[in-house]
Amino acid sequence: SRQALAEGAWVLQAFAQDRQQALLDEIEALLAQAPLRHLLTPSGHTMSVAMSNCGALGWVSDARGYRYDALDQLTGKPWPPMPALFERLALEAATAAGFEGFRPDACLINHYVPGAKLSLHQDRDERDRRQPIVSVSLGLPAVFQFGGLTRSGPLQRTRLESGDVVVWGGPSRLAYHGVAALAEGEHGLTGRCRYNLTFRRAG
Ligand code: MD3
Ligand code: FE
(Lines give C-alpha, C1' and ligand atoms only; values in the text may rest on other atoms or scores of the structure.)
(Ligands and ions follow the chains in the order given, each with its own letter.)
Protein backbone atom coordinates (compact mmCIF):
# COMPACT_ATOMS: atom_id res chain seq x y z
CA SER A 1 0.00 0.00 0.00
CA ARG A 2 1.16 3.52 -0.83
CA GLN A 3 0.36 6.06 1.89
CA ALA A 4 1.19 9.78 1.78
CA LEU A 5 3.00 11.09 4.88
CA ALA A 6 3.32 14.59 3.51
CA GLU A 7 3.43 16.15 0.04
CA GLY A 8 5.89 14.06 -2.00
CA ALA A 9 6.60 11.64 0.89
CA TRP A 10 5.26 8.12 0.47
CA VAL A 11 5.35 5.19 2.88
CA LEU A 12 5.46 1.87 1.06
CA GLN A 13 4.53 -0.41 3.92
CA ALA A 14 6.28 -3.82 3.77
CA PHE A 15 7.57 -3.04 0.25
CA ALA A 16 10.86 -4.86 1.00
CA GLN A 17 9.29 -7.58 3.14
CA ASP A 18 10.24 -10.53 0.92
CA ARG A 19 13.82 -9.22 0.45
CA GLN A 20 14.76 -8.60 4.08
CA GLN A 21 17.06 -11.58 4.58
CA ALA A 22 18.78 -10.98 1.22
CA LEU A 23 19.26 -7.31 2.12
CA LEU A 24 20.75 -8.23 5.50
CA ASP A 25 23.12 -10.74 3.87
CA GLU A 26 24.31 -8.00 1.49
CA ILE A 27 24.73 -5.54 4.37
CA GLU A 28 26.89 -7.99 6.31
CA ALA A 29 29.10 -8.60 3.26
CA LEU A 30 29.44 -4.82 2.72
CA LEU A 31 30.32 -4.16 6.36
CA ALA A 32 33.11 -6.75 6.17
CA GLN A 33 34.68 -4.47 3.51
CA ALA A 34 33.75 -1.05 4.91
CA PRO A 35 33.16 -1.40 8.67
CA LEU A 36 30.61 0.55 10.67
CA ARG A 37 32.08 3.56 12.47
CA HIS A 38 30.84 6.41 14.67
CA LEU A 39 31.49 9.65 12.79
CA LEU A 40 32.28 12.97 14.42
CA THR A 41 29.95 15.88 13.79
CA PRO A 42 31.59 19.16 12.71
CA SER A 43 31.02 20.44 16.27
CA GLY A 44 33.02 17.50 17.68
CA HIS A 45 30.26 15.21 18.97
CA THR A 46 30.38 11.49 18.28
CA MET A 47 27.22 10.27 16.54
CA SER A 48 25.34 7.50 18.37
CA VAL A 49 24.34 5.95 15.04
CA ALA A 50 27.16 3.95 13.44
CA MET A 51 27.54 4.35 9.65
CA SER A 52 29.06 2.99 6.51
CA ASN A 53 28.35 3.37 2.78
CA CYS A 54 28.30 1.60 -0.53
CA GLY A 55 28.17 2.99 -4.06
CA ALA A 56 30.35 5.47 -5.93
CA LEU A 57 29.95 8.09 -3.19
CA GLY A 58 29.67 7.84 0.58
CA TRP A 59 28.36 10.36 3.09
CA VAL A 60 30.94 11.37 5.69
CA SER A 61 31.22 13.82 8.56
CA ASP A 62 34.23 15.11 10.49
CA ALA A 63 35.69 18.36 11.83
CA ARG A 64 35.81 19.68 8.24
CA GLY A 65 32.06 19.29 7.75
CA TYR A 66 29.56 17.04 5.99
CA ARG A 67 30.23 15.87 2.44
CA TYR A 68 30.22 12.98 -0.01
CA ASP A 69 33.53 11.26 -0.68
CA ALA A 70 34.52 8.50 -3.12
CA LEU A 71 36.99 7.06 -0.60
CA ASP A 72 36.47 5.44 2.78
CA GLN A 73 38.86 7.27 5.14
CA LEU A 74 39.05 4.18 7.36
CA THR A 75 40.30 1.79 4.66
CA GLY A 76 41.71 4.32 2.16
CA LYS A 77 39.77 2.46 -0.55
CA PRO A 78 36.66 3.28 -2.60
CA TRP A 79 33.36 2.32 -0.95
CA PRO A 80 32.17 -1.15 -1.99
CA PRO A 81 29.99 -1.13 -5.12
CA MET A 82 26.24 -0.93 -4.65
CA PRO A 83 24.73 -4.43 -4.87
CA ALA A 84 22.32 -4.97 -7.80
CA LEU A 85 19.62 -5.92 -5.28
CA PHE A 86 19.93 -2.47 -3.65
CA GLU A 87 19.81 -0.56 -6.97
CA ARG A 88 16.77 -2.53 -8.07
CA LEU A 89 14.86 -2.00 -4.83
CA ALA A 90 15.58 1.75 -4.83
CA LEU A 91 14.46 2.10 -8.46
CA GLU A 92 11.28 0.06 -7.88
CA ALA A 93 10.35 2.01 -4.76
CA ALA A 94 10.95 5.40 -6.39
CA THR A 95 8.86 4.31 -9.39
CA ALA A 96 6.02 3.15 -7.10
CA ALA A 97 6.04 6.62 -5.51
CA GLY A 98 5.94 8.37 -8.89
CA PHE A 99 9.62 9.24 -9.35
CA GLU A 100 10.92 7.71 -12.55
CA GLY A 101 14.44 6.68 -13.44
CA PHE A 102 15.98 6.93 -9.96
CA ARG A 103 19.65 5.88 -10.20
CA PRO A 104 21.25 6.17 -6.77
CA ASP A 105 25.03 6.64 -6.63
CA ALA A 106 25.22 6.56 -2.81
CA CYS A 107 23.77 4.32 -0.13
CA LEU A 108 24.29 5.28 3.50
CA ILE A 109 24.03 2.36 5.93
CA ASN A 110 22.88 3.48 9.39
CA HIS A 111 23.13 1.10 12.36
CA TYR A 112 21.12 1.78 15.54
CA VAL A 113 21.37 -0.03 18.86
CA PRO A 114 18.93 0.75 21.70
CA GLY A 115 19.47 4.37 22.79
CA ALA A 116 20.95 5.51 19.46
CA LYS A 117 19.15 8.42 17.81
CA LEU A 118 19.43 10.87 14.97
CA SER A 119 18.75 14.51 15.83
CA LEU A 120 16.50 16.66 13.68
CA HIS A 121 18.28 17.61 10.43
CA GLN A 122 17.85 18.26 6.72
CA ASP A 123 19.56 16.24 3.98
CA ARG A 124 21.09 18.95 1.81
CA ASP A 125 24.49 17.60 0.76
CA GLU A 126 23.17 16.14 -2.50
CA ARG A 127 23.60 18.08 -5.74
CA ASP A 128 20.23 17.55 -7.45
CA ARG A 129 17.45 17.91 -4.91
CA ARG A 130 14.82 17.08 -7.52
CA GLN A 131 15.94 13.47 -6.98
CA PRO A 132 14.15 11.72 -4.12
CA ILE A 133 15.72 9.83 -1.23
CA VAL A 134 14.60 6.23 -0.69
CA SER A 135 14.93 4.75 2.80
CA VAL A 136 14.62 1.09 3.82
CA SER A 137 14.18 -0.04 7.44
CA LEU A 138 15.35 -3.44 8.72
CA GLY A 139 15.19 -4.95 12.19
CA LEU A 140 13.93 -3.19 15.34
CA PRO A 141 11.17 -0.58 14.81
CA ALA A 142 11.95 3.13 15.10
CA VAL A 143 9.91 6.26 15.72
CA PHE A 144 10.62 8.56 12.82
CA GLN A 145 9.94 12.28 13.31
CA PHE A 146 9.46 14.84 10.61
CA GLY A 147 8.44 18.44 10.37
CA GLY A 148 8.51 21.21 7.83
CA LEU A 149 11.15 23.32 6.14
CA THR A 150 12.18 25.03 9.38
CA ARG A 151 13.53 23.45 12.55
CA SER A 152 10.74 24.89 14.69
CA GLY A 153 7.14 23.89 14.25
CA PRO A 154 5.14 20.74 14.84
CA LEU A 155 6.55 17.26 14.26
CA GLN A 156 4.66 14.26 12.93
CA ARG A 157 5.68 10.89 14.27
CA THR A 158 5.43 7.57 12.49
CA ARG A 159 6.65 4.10 13.38
CA LEU A 160 8.88 2.48 10.77
CA GLU A 161 8.95 -1.32 10.82
CA SER A 162 11.26 -3.84 9.25
CA GLY A 163 10.59 -4.05 5.51
CA ASP A 164 9.02 -0.57 5.27
CA VAL A 165 10.29 1.70 2.52
CA VAL A 166 9.80 5.49 2.46
CA VAL A 167 10.33 7.72 -0.57
CA TRP A 168 11.03 11.42 0.07
CA GLY A 169 10.67 13.73 -2.86
CA GLY A 170 9.08 16.95 -4.01
CA PRO A 171 8.40 19.45 -1.24
CA SER A 172 9.28 16.85 1.43
CA ARG A 173 12.81 16.42 0.15
CA LEU A 174 14.10 19.21 2.40
CA ALA A 175 11.85 18.54 5.40
CA TYR A 176 13.49 18.40 8.83
CA HIS A 177 13.51 14.84 10.14
CA GLY A 178 15.08 12.61 12.77
CA VAL A 179 14.82 9.32 14.62
CA ALA A 180 13.90 9.05 18.33
CA ALA A 181 16.17 7.00 20.61
CA LEU A 182 15.74 3.36 19.63
CA ALA A 183 13.78 1.35 22.20
CA GLU A 184 15.22 -1.80 23.73
CA GLY A 185 14.18 -4.95 21.89
CA GLU A 186 15.11 -8.06 20.02
CA HIS A 187 14.23 -8.68 16.35
CA GLY A 188 14.12 -12.04 14.60
CA LEU A 189 16.11 -10.78 11.62
CA THR A 190 18.76 -8.48 13.11
CA GLY A 191 18.81 -9.16 16.85
CA ARG A 192 19.22 -6.08 19.06
CA CYS A 193 19.58 -3.48 16.31
CA ARG A 194 18.04 -1.59 13.43
CA TYR A 195 19.56 -0.91 10.02
CA ASN A 196 18.41 1.87 7.75
CA LEU A 197 19.54 2.17 4.16
CA THR A 198 19.17 5.55 2.47
CA PHE A 199 19.60 5.69 -1.27
CA ARG A 200 20.61 9.01 -2.77
CA ARG A 201 21.66 10.63 -6.01
CA ALA A 202 24.52 12.59 -4.47
CA GLY A 203 26.82 13.58 -7.33
C1 MD3 B 1 13.11 13.01 4.89
N2 MD3 B 1 18.12 8.51 8.27
O3 MD3 B 1 20.42 9.02 6.98
S4 MD3 B 1 15.39 7.48 7.02
C5 MD3 B 1 19.65 9.99 7.17
O6 MD3 B 1 16.16 6.10 9.86
C7 MD3 B 1 18.39 9.76 7.91
O8 MD3 B 1 18.29 6.28 9.62
C9 MD3 B 1 17.01 8.16 9.09
O10 MD3 B 1 17.69 10.68 8.16
C11 MD3 B 1 17.15 6.74 9.55
O12 MD3 B 1 19.86 11.13 6.74
C13 MD3 B 1 15.72 8.40 8.45
C14 MD3 B 1 14.12 8.48 6.35
C15 MD3 B 1 14.56 9.73 5.64
C16 MD3 B 1 15.74 9.81 4.96
C17 MD3 B 1 16.05 10.95 4.25
C18 MD3 B 1 15.18 12.03 4.22
C19 MD3 B 1 13.71 10.79 5.63
C20 MD3 B 1 14.00 11.93 4.92
C21 MD3 B 1 15.43 13.18 3.47
C22 MD3 B 1 14.53 14.22 3.43
C23 MD3 B 1 13.37 14.13 4.16
FE1 FE C 1 18.35 12.40 6.96
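## The pocket and its guest

A pocket is an open set of points on a 1 Å grid over the protein atoms alone, with protein on both sides within 12 Å along at least five of seven lines. In this predicted model, ligand 1 sits in the largest pocket (more than half of its atoms lie within 2 Å of the pocket's grid points). The model's local features need pLDDT of at least 70 and side-chain atom pairs 80 or more, while totals for chains, interfaces and linings use all residues. Residues are numbered from 1 along each chain, chains are lettered from A and ligands numbered from 1 as written, and side-chain values use heavy atoms, without hydrogens or water.

## Who surrounds ligand 1?

Ligand 1 has quite a crowd: 19 residues surround it, and the closest are Asn110, Tyr112, Trp168, His177 and Arg194 (a heavy atom within 4 Å counts). Which strand gives the most to this shell? That's β13, with 4 residues. Now look for the strands β6 (106–112), β7, β8, β12 and β13 (194–200): each of them supplies at least two residues of the shell around ligand 1. (Strands are DSSP E runs of at least two residues, and helices are H or I runs of at least four.)

Next, zoom in on the polar contacts, meaning N or O pairs within 3.5 Å. The side chain of asparagine 110 has an N or O atom 3.0 Å from an oxygen of ligand 1. For histidine 177, a side-chain N or O atom and an oxygen atom of ligand 1 are 2.9 Å apart. Arginine 200 joins in too, with a polar side-chain atom 3.0 Å from a ligand 1 oxygen. How much of ligand 1 does the protein cover? On its own, ligand 1 has 500 Å² of accessible area, and the protein covers 98% of that (Shrake-Rupley method, 1.4 Å probe).

## The iron site

Ligand 2 is an iron ion, and three residues hold on to it: His121 (NE2), Asp123 (OD) and His177 (NE2), at 2.0 to 2.3 Å. (Donors here are N, O and S atoms within 2.8 Å of the metal, or 3.2 Å for Na, K and Ca.) Along the sequence, these donor residues follow the spacing H-x1-D-x53-H. The pair of aspartate 123 and histidine 177 ties distant parts of the chain together, with their positions 54 residues apart. You'll find aspartate 123 in the loop between β7 (118–121) and β8 (133–139), whereas histidine 177 is in strand β12 (residues 177–179).

Are aspartate 123 and histidine 177 buried or exposed? Both are buried (under 20% relative accessible area; exposed is over 50%, and partly exposed is in between). Histidine 177 also appeared above, among the closest residues to ligand 1.

## Loops worth a look

Threonine 190 is in the loop between β12 and β13. This threonine 190 counts as buried because its relative accessible area is 16%. Its side chain reaches the backbone oxygen of cysteine 193 at 2.7 Å.

Alanine 14, in the loop between β2 (9–12) and α1 (20–33), has a phi near 65 degrees, a positive value in a residue other than glycine. With 29% relative accessibility, alanine 14 is partly exposed. Go 150 residues along in sequence and you meet aspartate 164, whose C-alpha is 4.5 Å from that of alanine 14. Aspartate 164 belongs to the loop between β10 (156–160) and β11 (165–168), and at 5% relative accessibility it's buried.

## A helix and a strand

Threonine 95 is part of helix α2 (residues 84–96). Its relative accessible area is 41%, so threonine 95 is partly exposed. Valine 167 is 72 residues from threonine 95 in sequence, but their C-alpha atoms are 9.6 Å apart in space.

Valine 60 belongs to strand β4 (residues 58–62), and it's buried, at 7% relative accessible area. Leucine 40 is 20 residues from valine 60 along the chain, and 9.0 Å separates their C-alpha atoms.

Terms used
Buried means under 20% relative accessible area, exposed over 50%, partly exposed in between (1.4 Å probe, protein chains only). A polar contact is a pair of N or O atoms within 3.5 Å; within protein, one must be able to donate a hydrogen and the other to accept it, and residues adjacent in sequence count only if both atoms are side-chain atoms. On a 1 Å grid over the protein atoms alone, a cavity is a set of points where a 1.4 Å probe fits but cannot get out, and a pocket is an open set with protein on both sides within 12 Å along at least five of seven lines; lining residues have an atom within 4 Å of a point.
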